[in-house]
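Here are my notes on the model you sent over, as numbered points. Have it open while you read.

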Amino acid sequence: MSDLLSGTILLAMLIAALKMATPLLISAMGELVAQRAGIWNMAVEGTMLIAAYIAYVVMVLTQSPGLALAAAVAAALLTGALNGVLCVLFRLDQFVTGLALNLLASGVTLFWFRAGLQGKGVPTFRSLPAITEGPFAGLHWMTFLAFLAVPLVWWFLERTRPGLELRCLGENPEALDLRGVNVQRGQIGALLFASAMTGLAGGFLMLAFSDRFVPDFTGGRGWLVVVALIAGNWRPGRVLIAVLFFAALEALAIQSRVSGSFLPEQLLLAAPYLVSLALMAAFRSTSLEPAALGIAYRRR
């Protein structure tokens, strides 16, 4: 236990936690916009996985991080568009649709990965370089972008007219419809924004955390994003705290495994889900969940 509390290890864990929080936070800010618009996007895991795979393929072919990230966002937008058509236009159940897209993403990426190898070795690439000097050594520029997204999303939702209309989509879409606002267009736009942010997160996860793709590479991080929104009660600042807490637990679990600490790694990895369940039970009467979240709007 004393090894975990040394200054050098604590600093390394802090850097690791901030790095691990980056993809979660980028995706969470996008998904917060979608959920405040009334869309329960359960396809976060699948969208992130497809984005990570496409980023891997483009990075191997071009060795260009910019092109790889752009391709990841494009792939995520296509996934989000499909999700929007099914959930918003066809009004299919948002939970079932999201789960189906997650399973589809897992199967498709596994098939593409194995078909692309054809008995050959797994191609690798140079991981995204991190800052090497100064107090931010070990971090990436996208970490700062992720933290900047928090006040920007808060300002958009709370201080702008489009943000007010978007929040109304998740609370009382019929009121907007009566005023002539296209509810479906607004919800699809919010879902596409969320998908683009998740695609950016998946691309960063691929380029910064590994030099090769493996099946189910995202490892449940998409689900952690959904859990962070619930634990953060759908408020940007609280979601940030939840993401940092989850990332710190993951960093602690990794360090515990490396140092051979008595702390059980499985318990630390399960803690975010247990905490969210406890928070939902404790604050169920004061939940700020949008009233129309997950309910397909039908014009009367």
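1. Before anything else, what counts as a helix here: a DSSP run of H or I that is at least four residues long, with helices numbered from the N terminus. By that count, phenylalanine 245 sits in helix 10, which covers residues 236-259. Do keep in mind that this is a predicted model.

2. Staying with that phenylalanine: is Phe245 buried or exposed? Neither label fits, because its relative accessible area is 38%, which makes Phe245 partly exposed; buried would mean under 20%, and exposed over 50%. Measuring along the sequence, Phe245 and alanine 228 are 17 residues apart, while their C-alpha atoms lie 9.4 Å from each other in space.

3. Ala228 belongs to helix 9, and it is one of the buried residues there. Helix 9 runs over residues 221-231 and is mostly covered, with 10 of its 11 residues buried. The buried set has plenty to look at: Arg221 and Gly222 are in it, and so are Leu224, Val225, Val226, Val227, Leu229, Ile230 and Ala231. Just past the end of helix 9, have a look at asparagine 233, which has a positive phi of about 55°.

4. Now the chain as a whole. What is it built from? The protein chain has 11 helices and 0 strands, so the run of elements from the N terminus reads α-α-α-α-α-α-α-α-α-α-α. Its radius of gyration is 20 Å, close to the 19 Å that the globule rule gives for 300 residues, so the chain is as compact as a globular protein of that length. The C-alpha trace spans about 60 × 45 × 35 Å along its principal axes.

5. On burial and surface: 48% of the 300 residues count as buried. The chain exposes about 14,300 Å², and carbon and sulfur atoms supply 67% of that. Of the contacts between residues at least 6 apart in sequence, 79% join residues at least 24 apart.

6. One helix pair deserves a paragraph. Helix 2 (residues 44-62) packs with helix 3 (residues 65-89) at an angle of about 145°, their axes 8 Å apart, and the crossing is right-handed. On the helix 2 side the contact includes Ile50, Ala51, Ile54 and Val58, and on the helix 3 side Leu67, Ala68, Ala71 and Ala72 are among the residues involved. How do the contact residues divide? There are 13 nonpolar and 3 polar residues, and no charged ones.

Note on methods
Residues numbered from 1 in each chain as written. Predicted model: local features only at pLDDT ≥ 70, side-chain atom pairs only at ≥ 80, totals over all residues. Heavy atoms only, no water. Axes fitted to C-alpha atoms, helices over the stretch in contact; angles between N-to-C directions. Helix = DSSP H or I, 4+ residues; strand = E, 2+ residues; numbered from the N terminus. Left-handed = near helix turned anticlockwise from the far one by under 90°. Contact = heavy atoms within 4.5 Å. Nonpolar A, V, L, I, M, F, W, Y, C, P; charged D, E, K, R; others polar. Rg over C-alpha atoms; globule rule 2.2 N^0.38 Å. Buried < 20%, exposed > 50% of the residue type's maximum accessible area, 1.4 Å probe, protein only. Areas by Shrake-Rupley, 256 points an atom, 1.4 Å probe, with all protein chains shown as cover.
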